[in-house]
Amino acid sequence: MSAFFSWLAGLPPLAQIPIVIVAFGIVMVLVVFFIEVAPRPGRGYSIMRLCVAIGVPLVVLLILGIQAGAFWVLIIAAVLGGGLFWLDFRARSGSGYLLQLFAFLSPALLLLIIGLVYPAVQTFVNAFRSNDGTHFVGLDNFVWVFSGGSTGLIAFINTIVWVIIAPVCATGIGLLYAVFVDRSRGEKVLKVFIFMPVAISLVGASIIFKFFFDYTQDPQIGLLNQVVEWFGGTPVAWLQNYPLNMVMLIIILIWTQTGFAMVLLSSAIKGVPTEQVEAAELDGTNAWQRFWNVTVPGIRPTIIVVWITISIVSLKVYDIIAATTGGQNDSTVLGYEMVKQFEILPPQAGHSAALALLIFILVTPFIWYNARNLKRQREE
Amino acid sequence: MRVHTNGGRSFGSRRVRQVAVLAVAAASVVGLSACSSGGGGSGGNASGNVKGATVTIYGPDTGTEATELEASWSAWAKQQGITIQYTGDKNFTANIATKIQANSLPDIAMFPQPGLLSAAVQTGKVKQLDSATAANVKKNFSTDWQGYVTSGGKLYATPLDASVKGYIWYSPADFKKWGVSVPTTYDELLQLTSTIRQKTGQPPWCAGFNSGDASGWPGADQLAELVLADAGPSVYDAWVKGTTKFTDPAIGSAFDTLGKTLLNPQYVNAGFGDVKSINSTAFGDVATPLASGKCALTNQATFLEASFATVKTAAGTTPKVAPDGDIWAFPQPGPTAGKNAVVGGGDFAAAFNTNAATQKVMQYLSSADWANSLIAVPNASFISANKGLDATKEQDQLLASAIKILQDPATVFRFGADDAMPNVVETAFWTGMVDWINGKSTSAVQAQIQAAWPAG
């Protein structure tokens, strides 16, 4: 493939145009052939399908440039192609049906495999291989993550704290705000104030907060420390003392996510039927009881979605750490440490992949719960 | 809506699923093997016309330093008809690893550390020097320097610029006012520190360890200077190789010596705050309080001079760097007077392909012509260890004295220990220095850095 493109790039521009058109034409003819011609019944077409089923994997293997062992290429192509043909031949909807299906699916399938399946499989395999990727080391990379004193362990613990604190605070503050400004005067303006941070990228927000937390004192440029000084305190190194620095960084995430929570929850609150609230009022409930027993159950699915979304954001946080502390003073998290391990030369690919796998494992329950939540909602 | 499926269909769909799984497995195999065979690239036209060619250089220097580098080769490039595109990146050390992984390589990269360079060479992507460049390197650089670019008996890069570390910057006028003189031993330096503290009532030292992803390196340099001065070159070399451990008492005593100034709240951090503010101060920012007179002493390499161009003295003028000017520097004294061991740094250019134009540029960068052109750039902050360098051409007095140190055959020159160690250890070393300033105990920091050494 790359040889073809290099050869093409070497030609004069005018010659490239017809060649590209011809190559495109060939691909289109092949696709039409799969969809239109191959599924026809008859012995001749069956033989043709057999050739195609074995030929396509062979050509794909060759195009991708696997020179190592023509013998193996043939074996793989024959096994894959033969299997495909056999399944296709025995398919309920008539032979040719599966080939047609694959022809339709192939563009999307190919992109998914290149962009999603292959990297995921590769990462999974790397997590059990040595840092230079030469041999399998079993669970050594995970032992490294969870051994005392490693940055991996600190990152893991910190990530757990992030996932516990950030979503709860952001959802909670967003919910309270949504309730308080609901149907108040100037609701729109008040909402815009809270929603604005959502429009700022995490890196931008982090840089703003980095100045806010600054510890340089002469001249004083850290707003927070200036406030501390006005009240007669001594300046605090916000980003250098663990676990204070983690709390400070979590505040940045809460600041950017509260607006998102508030907007979704606010529209959900508006969807709670007024009759229910009025009925509760007639029954003599106070405001808190109405909120807790009528509004909250009414918007429960939205609260879960918001909470899960922010949890996933805090699981994969990277930008905040990179733009502020650079992971120093134990402020690192899984997402940042994963990149950091890969940026060392030689890259600690095993450690990095193990951290990535951990993030994946931590994210899975949230996605599963979210899917269940969606399904239940649909059934209701 | 629910989809009700009959038995036949669900049987069929299981088939489909089986096929899909099979196909996915096949494609992954294909993908994996494709990756391992990988590489290729556009290839090179090793011979032929270089006129009109473009050579990309990727390096860690940005701002003024990048402008100076560009100025050093612009005349030559114009004459050759080669366009040199320089990209500076403050996070070079982190990003080059990703670039090498992703095969998105520049023609030439300027490595700021021999440790990083040798790690890059081990990936197999760095090309061996062509014969003309190799001949230049052998002719122009001492065996010490050739050692940094040699791997398995082959040359892979050319040294470019050099810097001498361990200069103590001070204000000659203030020294005269306080009636103190330049110390000749480390004990005298400590004595001087306490004298200044008594006279001014302010901390004399300022320091800055902040440097993005590389935060902590100024501390690592200062520790290395003390190890080389106190324990000597043989312990230093063993330390760099990993045979003398970080937990060794020799390293511990260097930490203690450094702690006498940097961890003493009476002595730091002039113009910034307390001890911990060292970590939040950018390494170049120490120039500001030094110029304004708030800070009396700071330890930094020759390249700090570049930072003085953008700051102002108390009188509002740009400080003059001269023995009788506003700012001057003396080499940090050793345990006894008259030491000749210095720690230094420098950049190395390595090529990632064998194109004719790339090789032409490499030949030029390794030549004495380029080194002389580099120091001839107006207000240049660079010097080089190139033996062909004409020291008399250097306008700047401080850099001229540094060139003299580099060219003196009696000088024991060693690369900054952190830079010469493997990249994993270097990163841990830097982080360790930051933790140390933050109050982590010396023994814990020593153990933590030692743990980063790769096993075996």
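In this predicted model, B:Gln300 sits in strand S8 of chain B, which spans residues 298–300. Its relative accessibility is 6%, below the 20% cut-off, so B:Gln300 counts as buried. Setting aside residues up to four places away in sequence, B:Gln300 touches B:Gly166, B:Tyr167, B:Trp169, B:Trp217, B:Pro218 and B:Phe283.

**The nonpolar cores**

One of those partners, B:Trp169, leads us to the next topic. B:Trp169, together with B:Phe111 and B:Trp239, touches the most other members of the largest nonpolar core, which has 135 residues. In soluble globular proteins, nonpolar side chains tend to be buried together. Which residues does B:Trp239 contact beyond its neighbours within four places in sequence? They are B:Leu223, B:Ala224, B:Val227, B:Thr244, B:Lys245, B:Phe246, B:Ile251, B:Ala417, B:Met421, B:Phe429 and B:Trp453. Another core lies apart from this one and has 38 residues, including A:Met262, A:Ile269, A:Val272 and A:Val313.

**Chain B as a whole**

Chain B holds 19 helices and eleven strands. Of its 456 residues, 54% are buried. Taking contacts in chain B between residues at least 6 apart in sequence, 72% join residues at least 24 apart.

Helix H4 of chain B, residues 114–122, is mostly covered, with seven of its nine residues buried. These are B:Pro114, B:Gly115, B:Leu116, B:Leu117, B:Ala119, B:Ala120 and B:Val121. After H4(B) comes B:Gly124, which has a positive phi near 85°.

B:Gly388 belongs to the loop between helix H15 (368–376) and helix H16 (397–407) of chain B. With a relative accessibility of 33%, B:Gly388 counts as partly exposed. Leaving out neighbours within four places in sequence, B:Gly388 is in contact with B:Ala368 and B:Asn372. B:Ser367 is 21 residues away from B:Gly388 along the chain, and their C-alpha atoms are separated by 8.0 Å.

**Two helix pairs**

Two packed helices are described by the angle between their axes and the distance between the axes. For chain B, consider helix H11 (residues 249–262) and helix H19 (residues 442–450): their axes come within 10 Å and cross at roughly 130°. That angle makes H11(B) and H19(B) oblique to each other, and H11(B) passes H19(B) in a right-handed crossing. On the H11(B) side, B:Ile251, B:Gly252, B:Phe255 and B:Asp256 meet B:Thr442, B:Val445 and B:Gln446 of H19(B). The contact is made up of three nonpolar, three polar and one charged residues. B:Ile251 also appears among the contacts of B:Trp239.

In chain A, the axes of helix H13 (residues 287–298) and helix H14 (residues 300–315) come within 4 Å, crossing at roughly 65°. Here A:Val296, A:Pro297 and A:Gly298 in H13(A) meet A:Arg300, A:Pro301 and A:Ile303 in H14(A). By class, this contact has four nonpolar, one polar and one charged residues.

**A buried serine in chain A**

A:Ser206 lies in helix H9 of chain A, residues 202–212. Is A:Ser206 buried or exposed? At 0% relative accessibility, it counts as buried. Not counting residues up to four places away in sequence, A:Ser206 touches A:Ile252, A:Asp319, A:Ile320, A:Ala323 and A:Thr324. A:Asn329, 123 residues from A:Ser206 in sequence, is 17 Å from it in space, C-alpha to C-alpha.

**Backbone details to check**

Most residues other than glycine have a negative phi, and most peptide bonds are trans. The table lists some backbone angles that stand against that background.

| Residue or bond | Backbone feature |
|---|---|
| A:Tyr242 to A:Pro243 | cis peptide bond, omega about 0° |
| B:Val268 to B:Asn269 | cis peptide bond, omega near 0° |
| A:Asn329 | positive phi, about 55° |
| A:Asp330 | positive phi, about 60° |

Where do these residues lie? A:Pro243 is in the loop between helix H10 (223–230) and helix H11 (244–270) of chain A. B:Asn269 is found in the loop between H11 and helix H12 (277–280) of chain B. A:Asn329 is in the chain A loop between helix H15 (319–323) and helix H16 (334–343), and A:Asp330 is also in the loop between H15 and H16 of chain A. A:Asn329 is buried, with a relative accessible area of 8%, whereas A:Asp330 is partly exposed, with a relative accessible area of 28%.

Conventions. Residues numbered from 1 in each chain as written. Chains lettered and ligands numbered in written order. Predicted model: local features only at pLDDT ≥ 70, side-chain atom pairs only at ≥ 80, totals over all residues. Heavy atoms only, no water. Core = buried A, V, L, I, M, F, W, Y, C linked by side-chain atoms within 4.5 Å. Buried < 20%, exposed > 50% of the residue type's maximum accessible area, 1.4 Å probe, protein only. Contact = heavy atoms within 4.5 Å. Axes fitted to C-alpha atoms, helices over the stretch in contact; angles between N-to-C directions. Helix = DSSP H or I, 4+ residues; strand = E, 2+ residues; numbered from the N terminus. Parallel < 35°, antiparallel > 145°, perpendicular 65-115°, else oblique. Left-handed = near helix turned anticlockwise from the far one by under 90°. Nonpolar A, V, L, I, M, F, W, Y, C, P; charged D, E, K, R; others polar.
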